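Visitor: Please take me through a close look at a single part of this model, and give the cut-off behind each term as it comes up.

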Amino acid sequence: MKVYDVVPGLEFDAERDFAQSPAWFLDGTHSVPPWTPMFGWFWVNFCRHGMQYGAEKLSLPTVKGWDWRFHKGGGYLTLLLVKSEEEKQRREAEFRKAILPFIEDYDGLWGGFVKEMLGRYEKLKALDVEKASNIELLDNFEETINTCRRMWEIHMYMMYGTYTAYILFENMCRELAGIDDTSPIFHNLVSGFDNKVFQVDRRLWEFSKRAREEGLAETLVQSNASEIVGRLDESAAGRAFMKDFMSFMNEDGWRMQRMSEINLPSWVEDPTPALVNVKQFIQKGGNFNLDEERKKITEQRKEAEKTVLSKVPQEQRGWFERLMVLAQKSGIFSEEHDHYLDLYTHAMMRRSALGLGNRFVQKGALDGAEDIFFLMPDEVRRAGINPDQFDLRYLVERRKGEWNEWMKTPNPPALLKEGFDLDMAMGVLVQSMDPIALKVVVGSMPQVRPELKADLYGTCGSPGVAEGTARVILSEDELHLIEEGDILVAASTSPSWTPVFSMIKGVIVDRGASLSHAAIVGREYGIPVVMNVFEGTAKIKSGQRVKVDANLGAVFILDK
Amino acid sequence: MSKKWLYWFEELNSGHNDLVGKKCANLGEMTGLGMRIPPGFAISVEGYERFMAETGAGELIRQYVRDNVNELKNVRKQVEASRTIRQIIESQEMPPDMRDELYRYYEELKQRAGEDEIAVAVRSSGAVSMPGQMETYLNVRRKESVVRKVIEVWGSAFTTRAIAFRLEKGMPLDKAPIGVAVLKMVDAKSAGVVLTVLPTVGDTSKVVVEGNWGLGESVVSGEITPDQYIVDKESGCVECTVNKKTKMIVYKDSGTAMTDVPGDIQAKPCVDEKELKEIVRIAKEVESYFNCPQDMEWVLDCSGCCPENLYWVQARPAKYSKTKEKEAEYLAELMTRMFKS
């Protein structure tokens, strides 16, 4: 007898799932490299729930959210389209009212949700996982599940509403001011804003200044990533520095090394990635001034605002300006939601699951605490109160074996029913008019311009031209390899990557749209970003010289 | 040689606001745009100040204000001040050299109009916004009356509200930056307003024309329900509401009066198709020149035919409702439309 079968609605079942939809797309932004089974369970269940919740609350006229499946560690998604014209019209009427809170009081809406989530996190953190009883730990785990579910509701409701406004702004810029989203002036319009992620960066930069002042710069610069913590502990100044650094971590370090996974430590557990960021700031030298850099971008934005508004007919300026402000909030939201929603919740999930994992190890149910990430929540529940009564190692052994296999071969970009090709599948995505699909996941297709004789063609995420050494980075744990002046080449980026943007000269990503992380952060740091080149990580090798011309959407490999 | 204080409209443009007041500067600008406006001239603020100085009215007013400075905080006293000051101004005669110059302009105006006997409108033209209605005199005939009405317009700068306003803002009481427009009356068949925006909803894709028989004052004052034509700027489609118009304003021998509209034309549209088209055409042109929705006043002369009988007496930026809620609803509507393929 088989130990387990495909779980319907969780794991991909070709027979049933192709009957539901002929095309399932890999979420390359979040599920490469492959997820652990527990994280996949959380994502498939609650991202699906959140997207349908958001689409329903807003009554999006054309789409009802997405469905998700887990397949070999990859998250695969398909869209739930509104089928009849009549239903579309009904939803349109509702949507017109449902979108108003975004227009009328965006900050109030978002601020309220942030407060709600921070309240939930505080409650979860109040439990001392080392001293708690098993029952308390299991309760905490259940509350974490609820928190994750609520996080996705807020996440997708906000994201659908926010990006709808952003797309309208793009359209209106084109119609009224003749400015298109590939134009540098458009990108200047939406950058130069403060947000939580930048505030954290700023703190890291300040710590780099302090390290220099207190004679710790050498220690940091000359240590490998793994040695930094130990070397700092050798001096009194280093210990004082770390004390303050850890209290900063306890405030703002509730984020994961890898955004969409729980099997790597959070900054609170292991501050090494954050310290590497400090080290990188030191390496930039004493003249580097983060504030000055940011100020320049803000001034450029104000200039761009003036230019664009002057092109808009006066009687249209009232609402146009309001729309512009709303679109500008999309960039802030894109960055901040990662901090307050995904990263923080995932840090809570890891904390809670590891609390139980440690008990399971003590009582022999598991061999290692992190093995709990190979269990499903129902299995955790089973052994939660009396872990001494259960042996769950056989489940872990089998799933871990599979997981190691998944790591060896990349997941296909889409699972397609026979007779259905990728172009047809893209057609469905575009037809959905789903704001998230269009702005984050799919983006616009690059224009191939043979006359440029470029090696790769993409779309402009952030304008500019740069030349430098390519550095291909496939996952977050390779970020420390980046050197000053490199051109970053990646499948995509996430907030954990933000600090390296101050070191690099340009970015090439395989996938992305104008509201993807790489585009937003590239604009904030004023460096060129070319997106949707599809095969950047495959074609470019670390060490090659490359030229990035984001204005043209072209990448040139200079030494082939 | 004293300073120039009389100007033909073609000598003026919107930059002359401080010189001749808003209305005159605006009429000058319209003339420059090639719009047909009734022939006329402007009396500058300088003219007012010279009158006040030469007749001694200015000094009398200053004396009165000095004597009553403490009591003027009292509203009842302000009412009395208004009456007293207007009395001071209106009891003056126009200094002879000023009068003769005014006569000369009036004579030339008759020549320009090509008529021996004309009626004019004498309108106030304030250089700054001041609460309280300043006077306008319609259908003024003969040069002596014109001079008298000009003095009365000057006096009308001292309404009770205007006095209270100036006291509150700490502005000198005896000064009033006021110009006067003297322009030929159009023998109005019908008249009204045109807005290049639907003011209630802020829809800038439409032009709305409202009109009534007779002089435009009946439409502007809102005393009657005028005919209404809503025209789509792009397609030219007209949505027309012809109302039963029972009252209109017409000239009498001197001045104007409200009278009954003859029964046979009460339910008839007060502009024909050709006239409507011309009104809309010009309104759109002016709007695109100023790059801003316009609020304009038009008059159709009894004699002549379209387009020669169409005159303009006002063009200014339209005030229209663009409240926060309206903007929000409009944005919501735009976002909804986005989902339609």
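**Interfaces in chain A**

Guide: Domain 1 of chain A and domain 2 of chain A together bury about 660 Å² (accessible area to a 1.4 Å probe that is lost on being put together, summed over both), with 48% of that area on carbon and sulfur atoms. This is a predicted model, in which local features need pLDDT of at least 70 and side-chain atom pairs pLDDT 80 or more, while totals for chains, interfaces and linings use all residues. Residues are numbered from 1 along each chain as written, chains are lettered from A and ligands numbered from 1 in written order, and side-chain values use heavy atoms, without hydrogens or water.

Domain 1 of chain A comprises 1-98 + 363-442, and domain 2 covers 450-557, with their C-alpha centres 28 Å apart. Seven residues of domain 1 of chain A are in contact (heavy atoms within 4.5 Å) with eight residues of domain 2 of chain A. Between these two domains of chain A there are zero salt bridges (Lys or Arg side-chain nitrogen within 4 Å of an Asp or Glu carboxyl oxygen). On the side of domain 1 of chain A that touches domain 2 of chain A there are four nonpolar, two polar and one charged residues.

Chain A also meets chain B, through 27 residues from chain A and 21 residues from chain B, and the two chains bury about 2,200 Å² between them, 70% of it on carbon and sulfur atoms. On the chain B side, B:Met335, B:Met338 and B:Phe339 lose the most area to chain A, together 33% of what that side buries. Three salt bridges are counted between chain B and chain A; B:Glu327 forms a salt bridge with A:Arg322, with the closest N and O atoms 3.3 Å apart.

Definitions and conventions:
Domains from an automatic or database assignment. Nonpolar A, V, L, I, M, F, W, Y, C, P; charged D, E, K, R; others polar.
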